[in-house]
Amino acid sequence: MKVLILVDIQNDFCPGGALPVPEGDHVVPAANTLMRSGAFDLVVATKDWHPANHISFADNHEGKEVFQQIELPSGAQTLWPRHCVQGTSGAELHPKLDTNRIDHIVTKGTSQSIDSYSGFFDNGHQQETDLRELLTREATLRGIPFNEVRLSVCGLALDYCVAATARDAARLGFKTDIILDACRAVNISPGDDLRTLRELTTLGVGVVSSREILPERTPSRPVELRP
Ligand code: VGL
Ligand code: ZN
């Protein structure tokens with residue numbers, strides 16, 4: 001069972017949004033091509049889905065700046081601009097994303113007191129989203145053993161939520177790939193993207209390109225003009 005996981009392809013992570021990832025919108029055509037290719041049995045999209053008083057928003061902490069780090073019981077927390085507030089247009093999936101092709105949407109980051117980069121668990125690995133259960137259920141329905149489930153992860157942002165999702169997937173034992181051309185990174189520090197990829201590879205996560213996944217097109221023959 002091949003599963004495409006689209007991470008946080010939401011307005012706020014695209015140019016013009018509250019926490020824009022450079023070229024964030026470039027992942028949309030890539031994601032659409034992947035969804036329409038027929039290469040996947042299941043498409044799941046995650047949405048960052050925060051309450052207005054969320055702990056990750058810099059403006060909920062007096063005297064703190066965006067991108068500053070604070071210490072929480074769950075570890076270091078980067079403070080972000082207010083983004084993906086539940087029910088706002090910034091939290092909607094990008095309007096050009098072919099949402100008809102999405103089978104399930106999983107929300108994350110819904111609890112006020114802890115952030116959730118991964119589509120599977122919050123950053124403290126305390127609470128789980130619906131994602132693992134959903135994947136297990138879909139595999140069982142198809143009579144597919146766990147070791148024949150392959151997750152291909154892409155979206156925004158490579159160095160945060162895509163990485164965290166792929167990391168948890170690999171730790172849970174899923175065969176996991178990142179589709180690199182369908183991701184973009186925040187790169188708060190230059191090179192974060194490469195450091196992230198190197199770390200993920202050590203966990204057994206594959207790094208692939210859309211071209212390797214898409215079924216080969218039959219080469220088009222030249223048009224014959226008959227008299
Ligand atoms: C993300 C920062 C804060 C992401 C979400 O989707 O990568 N990054 N919230
Ligand atoms: Zn967030």
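**View 1. The donor arrangement around the zinc ion (ligand 2) is irregular, because its four donor atoms subtend angles of 86 to 170°.** Four donors are tetrahedral if all angles lie between 85 and 135 degrees, and square planar if opposite donors are over 155 degrees apart and all others between 65 and 115. Asp48 (OD), His50 (NE2) and His83 (NE2) coordinate the zinc ion at 2.0 to 2.1 Å. Donors are N, O and S atoms within 2.8 Å of the metal; water is not among the atoms, so sites may look incomplete. Along the chain, the donors of the zinc ion are spaced D-x1-H-x32-H.

The model is predicted: local features need pLDDT of at least 70, side-chain atom pairs pLDDT 80 or more, while totals for chains, interfaces and linings use all residues. Residues are numbered from 1 along each chain as written, chains are lettered from A and ligands numbered from 1 in the order written, and side-chain values use heavy atoms, without hydrogens and water.

**View 2. Polar atoms of His83, Ala157 and Cys161 face ligand 1.** A ligand nitrogen is 3.1 Å from a side-chain N or O atom of His83. A ligand oxygen is 3.0 Å from a polar backbone atom of Ala157. For Cys161, an oxygen of ligand 1 is 3.2 Å from a polar backbone atom.

**View 3. The shell around ligand 1 holds eight nonpolar, one polar and two charged residues.** Among them are Asp8, Phe13, Trp80 and Tyr160.

Note on methods:
Near = heavy atom within 4 Å. Polar contact = N/O pair within 3.5 Å; in protein donor to acceptor, adjacent residues only side chain to side chain. Nonpolar A, V, L, I, M, F, W, Y, C, P; charged D, E, K, R; others polar. Donors = N, O, S within 2.8 Å, 3.2 Å for Na, K, Ca; no water. Tetrahedral: all angles 85-135°; square planar, octahedral: opposite > 155°, others 65-115°.
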